[in-house]
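Here is a quick walk through a protein model, helices to start and strands after that. Have the structure open while you read.

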Amino acid sequence: MNIEPKPWTRPAGPRGLDGWLESLRDLLVITPELRDEQVERGAALEMLQCGAEVLDELLRAGLPHGGPPGAERFDRFDLVNLALYSGSGNSVPEKTMRYALRWMHADPQSLFRPLRWDYSVALAPPAADAEADPEGMDWNLATPHPELSGGWTESLSIGPGASLGEKDVTARAASGLAVSGVLVTSGERRGIVSERLREIVTSFGPDRFRWGRMPEELQWRKDDVLSQGYAPCISVCLELAERCREAGFEARTRRGWIMGMLDLAHSWLEVVDEDGLVKNVDPAFVILAEHHAESPHPAIAEAFTGSLLNRLLPTEHHADEPVNGYRRDGLFAHPRHQTNIQLAAEQPAPRESVGAGNGSDS
C-alpha cells in the first residue's frame, strides 16, 4: 500500500482562502457510486460559513459538485472534511467537533471510572420503504455489552416482537426496532508493554494521517482510504489488526458507540500484549485529539493507546459490521436511526464495583 504523508498542523488563527484551498487539495476522494450530492448551495454556505466568494473560488479550484452554476449540490462528507482542515475556525463542522471533543480536556483518570447512561436507539425503514410488506423486513441492532470494558447492564428493554441475542437484537416488523435501557460503562488504565506492538499501533499517527467522515462502505476499502492519508476508525483498525496478527499478536477489531459524543458508532482495536492482557488501541481518537480537540490533556494520547475507556460502549460486532441493519427481501440497507445516549442524573458511587446490578430485563 502506497501511503503519502499529509502533514497538517493546527493553525494559530484563521487561514482565509489559502486554508480552504489547501484543504481542498488534500480532500478525500469519495468514489462516484458512494457519492450523494444532496446538499444545496445555500445549506453548504451555512455549513462552511466561508462566504459566497470563497465557495466560488473553491468551485473553480475543483470542489466536487453537481447541478448548474448558482444551484450547485454537494456531498455532505466532502463539505465536512473540507471544513475540518480549512483552519477557518468558524465552520459548523469545526465548531461541532470542538464541542464534541470537550471531554478530551480532562485528566485521563476520568476515563476509567464508572459512568451511568440512559440509552435508547430507534430504527425505522427508509422513507421509500415506509409502506412495504412487514413480512419482508428484518432488523438487527448490535447488543450492547458494557461488561467487556468493566461495566454492566442495569436494564435493557426491547420492542414488541424483538429477540435479544448475544450479538444482536433482531426483529421482523414494519415499524422498526427500538431498544432502551440503563447501562454503566467503565474503564481501566493499561499501557502497551511490547515495544514491537507499540511500534505497530502508533504507525498511523496525527503527524501523517487525518480523520474524516465518509460512508461506511468506503471505510471497508481500507487501502483506498489509508493511501489517501486518511485514517478513520474502521479503516485504520482493520489495517492494524492485520499487521498485529502478522507480527504474532492475537488481535480483533471491536465495534460500538462513542458515549456522549454525538452518539457516533465507532471502532477500535483489541490486541493481546506480551503480558497477556488485552489492550484497547484507538488511533482515530489520537488523531482527533491532536487535530480537533481544544486544549487536549497532554496525557490523553497515551490513554488511547492501551487503556479501556468508559467513553466506549462495546458490542460483539467487528469493525466492518454495521451496528444496525435493515433488510428487505434479503437486500441490505441502512435504516433511519435515532440514537440517544445521555449521562444519567444519578451516577454510580465510588464504592460500586463491576457486577453491581448485573442483570437485564427484556
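Two strands count as paired if DSSP finds at least two bridges between them. Keep in mind that this is a predicted model.

With that in hand, take the hairpin. E14 and E15 form it, with two residues between them. In that turn sits aspartate 329, which has a positive phi of about 55 degrees. The two strands run antiparallel and are joined by three bridges. One pairing to look up is arginine 328 with its bridge partner in E15, leucine 331. E14 also has a link to E4: five bridges join the two, again antiparallel. Here leucine 141 has asparagine 324 in E14 as its bridge partner.

Elsewhere there is an open sheet of four strands, in the order E5-E8-E3-E16, with antiparallel pairing. E5 (152-158) and E16 (336-343) are the edge strands, each pairing on one side only. On average, neighbouring strands of this sheet are turned by 10 degrees against each other, direction ignored. Between E3 and E16 there are eight bridges in the antiparallel sense, and aspartate 118 stands opposite glutamine 342 in E16. As a reminder, strands of a sheet pair through backbone hydrogen bonds, either parallel or antiparallel.

Here are three of the antiparallel strand pairs side by side:

| Strand pair | Residues given | Bridges |
|---|---|---|
| E3 and E16 | E3: 115-124 | eight bridges |
| E4 and E14 | E4: 137-142; E14: 324-328 | five bridges |
| E14 and E15 | E15: 331-333 | three bridges |

Now for the helices. Which residues of H1 are buried? They are Gly19, Trp20, Ser23 and Leu24. These cover an arc of only 135 degrees around the axis, so they sit on the same side of H1. Turn the helix around and the face away from that buried side carries Asp18 and Arg25, which are exposed. As for partners, the buried residues of H1 pack against H2, H3 and H4.

H2 (residues 41-48) has its own buried set: Arg41, Ala44, Met47 and Leu48. Seen down the axis, they fall within an arc of 120 degrees, so they line one face of the helix. What covers them? The cover includes the helices H1 (16-25), H3 (52-60), H4 (76-84) and H5 (92-100), along with the strands E1 (37-40) and E2 (73-75). Just after H2 comes glutamine 49, which takes a positive phi of about 55 degrees.

How do H2 and H3 pack? Their axes are 10 Å apart, at an angle of about 110 degrees. That makes H2 roughly perpendicular to H3, because angles of 65 to 115 degrees count as such. On the H2 side, Arg41, Leu45 and Leu48 take part, and they meet Ala52, Leu55, Asp56 and Leu59 in H3. By class, this contact has five nonpolar, no polar and two charged residues.

One last stop is arginine 245, in helix H9 (residues 233-246). Its relative accessibility is 45%, so it counts as partly exposed. Leaving aside residues up to four places away in sequence, arginine 245 touches Ala251 and Arg252. Valine 271 is 26 residues away along the chain, and its C-alpha atom is separated from that of arginine 245 by 8.9 Å.

Terms used
Residues are numbered from 1 along each chain as its sequence is written. This is a predicted model: local features need pLDDT of at least 70, side-chain atom pairs count only at pLDDT 80 or more; totals for chains, interfaces and linings use all residues. Side-chain values use heavy atoms; hydrogens and water are left out. Buried means under 20% relative accessible area, exposed over 50%, partly exposed in between (1.4 Å probe, protein chains only). The arc is that of the directions from the helix axis to the C-beta atoms. Contact means heavy atoms within 4.5 Å. Axes are lines fitted to C-alpha atoms, for helices over the stretch in contact, and angles run from 0 to 180 degrees between N-to-C directions. Angles under 35 degrees count as roughly parallel, over 145 as roughly antiparallel, 65 to 115 as roughly perpendicular and the rest as oblique. Ala, Val, Leu, Ile, Met, Phe, Trp, Tyr, Cys and Pro count as nonpolar, Asp, Glu, Lys and Arg as charged, and the others, Gly among them, as polar.
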